[in-house]
Amino acid sequence: MKYIVQVGREPALAVSEILTLANTYNKQLSMSWIHDSLVCFEGDDGCDFMTTDRLGGALKVIEPLEYVDDVKAAILEYLLQTDGKITFGISSWVDDDALAPQHLSPAIKTVLRDHDRSARFLLPKKKQLDAAAIIHSDILKSGGEFHIIPEGNRVLLGRLTSVHDIDAWSKRDFEKPARDAKRGMLPPKLARTMVNLSGISSGTILDPFCGTGTISMEAALLGFSGIASDADPEAIEATKKNIDWLKTVIPATAVIPAKAGIHINILQSDARDVARRIKKDVHAIVTEPFLGNPKKLTHEQREEHAQGIADLYSDALKNWTKFLENGSRVVMVIPLYKTKKGLVAIPIHDKISKLGYEVIDPPIKTLSLDDQLSPAGNLLYGRDDQRVLREIIILKKT
Ligand SMILES: C[S@@+](CC[C@H](N)C(=O)[O-])C[C@H]1O[C@@H](n2cnc3c(N)ncnc32)[C@H](O)[C@@H]1O
C-alpha cells in the first residue's frame, strides 16, 4: 500500500511523526521523497493514522490511483464516474507546462460540457491548490482534487483523501479564550505532532508545564485522557478556560468519538514535585517547559542562564521517574538560544542517562535531513526570525 503526504514547513518533524505512528501501531512503512514537501510512504495496509485529522505535520494525504500516459483522459474518466454537479481541481508536481492546472482544467471542463456534465474547477495560484481553497469549496464531496506526481519517468495520478482543517487549527491557535503571548504558547500543530511522538495509542498524557493547555487540548482531541499542571495559578485558570471552551468547539475532524468527551484533570503543582499529586497511571509526558528569557543578556550571562534552566529540567525529569513506567516516553521542548556567537544549548544532553532516561533518535536520523536537526541530532522547530529555537527531545525512561 502506498500513501502520499504533503508536509508543511517542518518536513523532518512531519515525517518523524508518521514513522513514529507506524511504529506505535505495528505497521511497517518505508519512505521516499518525491519533492521537498511531498513524501511517499510504502508498506502495510490499514495505516488509519494516515489522515490529516490525526497528524499535525501533514497538509494533505493523497491516494495514489494509477500510473498514466494520458493525464487528461485519466482525470476525465474519473470525473465522468461521479454523479451530479462536478467541482474539481488539479495540483501538479511536474515541470511540464502541458500538465499545468491552468492548461488542463479548462480543457477538461470543455470535454465534460460536451458530455452534458456541468462542472467547475478551482485553479491554484501557482501549481498546487491550497488547503483553504479546498475546504471552502465542495471539491471533496464532488469531483475531487487530482495530483499529477512524477515518479522516475512515469506520471502517477493521485486523488486527495484528506486536507488539514486550516480553520479549526487557526481557531484553536488564535480564538481560544485564554492566550499568553508573553510566556509563549505552542502552535497547536506542533503540540499535535509532539503527542504523536509519544509512542502510545491510548492512555493518559501529562503536561507538567501546561501554560494555556495547548498540549492537553490536542491530546484530548486524539482521545487521550490528560493531566495538565503548572506552578502558576494564572496558567491553571487559563487551561481551565481553554479546556471548557474546547468542549464547545470540538471540530468535526476530531479523532475522539464525540460521546467519549474530553477528560483533562487540571492541577496546580511545581513540575519538580508533581509526583506527589499523581494519583493515576501516566503513560507519557509531553511538555514545553519554561524556556527561559535570554533577551538582553550578555553571552556569558546567557550561559549562566542556560545552566539555571538545565537545573530546572534535571530536577523535574528526576521527579517524573517516580511515577513513569520503564519504557514510557517524555517528549519535551528544550530551547536553543540564537546569539551572535552561535547557538547556545541548554547543558542537559549529557545528564540524560544519569537522570534515568535514554534519548531516542528521531526516526528520520538516517534520512539525510541533518540540516533540519539540532546540533545534538534532535528534531528542531523554529523560524529564521525567532531568537529561541525549539529542540524537541524524545526520551525513554530506563
Ligand atoms: C512556555 S510555557 C508553556 C506554554 C504551553 N506549552 C502553552 O502552549 O501554553 C511554560 C510554563 O511553565 C510554567 N512553569 C515555570 N516553572 C515551573 C515549574 N517549576 N513548575 C511548573 N510549571 C512551571 C510557567 O508558569 C509556564 O506556564
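## Exercises on a sheet and a ligand site

In strand 3, H35 has L38 as its bridge partner. The model is predicted: local features require pLDDT of at least 70 and side-chain atom pairs pLDDT 80 or more, while totals for chains, interfaces and linings use all residues. Residues are numbered from 1 along each chain as its sequence is written, and side-chain values use heavy atoms, leaving out hydrogens and water.

**Exercise 1.** State how strand 2 and strand 3 pair, and how many residues lie between them in the hairpin.

*Solution.* Step 1: strands (E, at least two residues) and helices (H or I, at least four residues) are DSSP runs numbered from the N terminus. Two strands pair if DSSP finds at least two bridges between them. Step 2: strand 2 and strand 3 (residues 38-43) are antiparallel, with 6 bridges. Step 3: the hairpin that they form has 2 residues between the strands.

**Exercise 2.** Give the order of the strands in the open sheet, and explain why one side of strand 2 and of strand 6 is left without a neighbour.

*Solution.* Step 1: the sheet is open and contains 8 strands in the order 2-3-1-4-8-7-5-6, with mixed pairing. Step 2: strand 2 (29-35) and strand 6 (119-122) stand at the edges with a single partner strand each, so each has one side without a neighbour in the sheet. Step 3: from one strand to the next, the twist averages 30°; angles run from 0 to 180 degrees between N-to-C directions of lines fitted to C-alpha atoms, for helices over the stretch in contact.

**Exercise 3.** Identify the residue of strand 4 that stands opposite I4.

*Solution.* Step 1: strand 1 (residues 2-7) and strand 4 (residues 58-68) run antiparallel and are joined by 4 bridges. Step 2: the residue opposite I4 is I62.

**Exercise 4.** Describe the polar contacts of D230, A231 and A271 with the ligand.

*Solution.* Step 1: a polar contact with the ligand is a pair of N or O atoms within 3.5 Å. Step 2: a polar side-chain atom of D230 is 2.7 Å from a ligand oxygen atom. Step 3: ligand nitrogen atoms lie 3.2 Å from a polar backbone atom of A231 and 2.8 Å from a backbone N or O atom of A271. Step 4: the protein covers 92% of the 610 Å² of accessible area (Shrake-Rupley method, 1.4 Å probe) that the ligand has on its own.

How values were computed: Polar contact = N/O pair within 3.5 Å; in protein donor to acceptor, adjacent residues only side chain to side chain.
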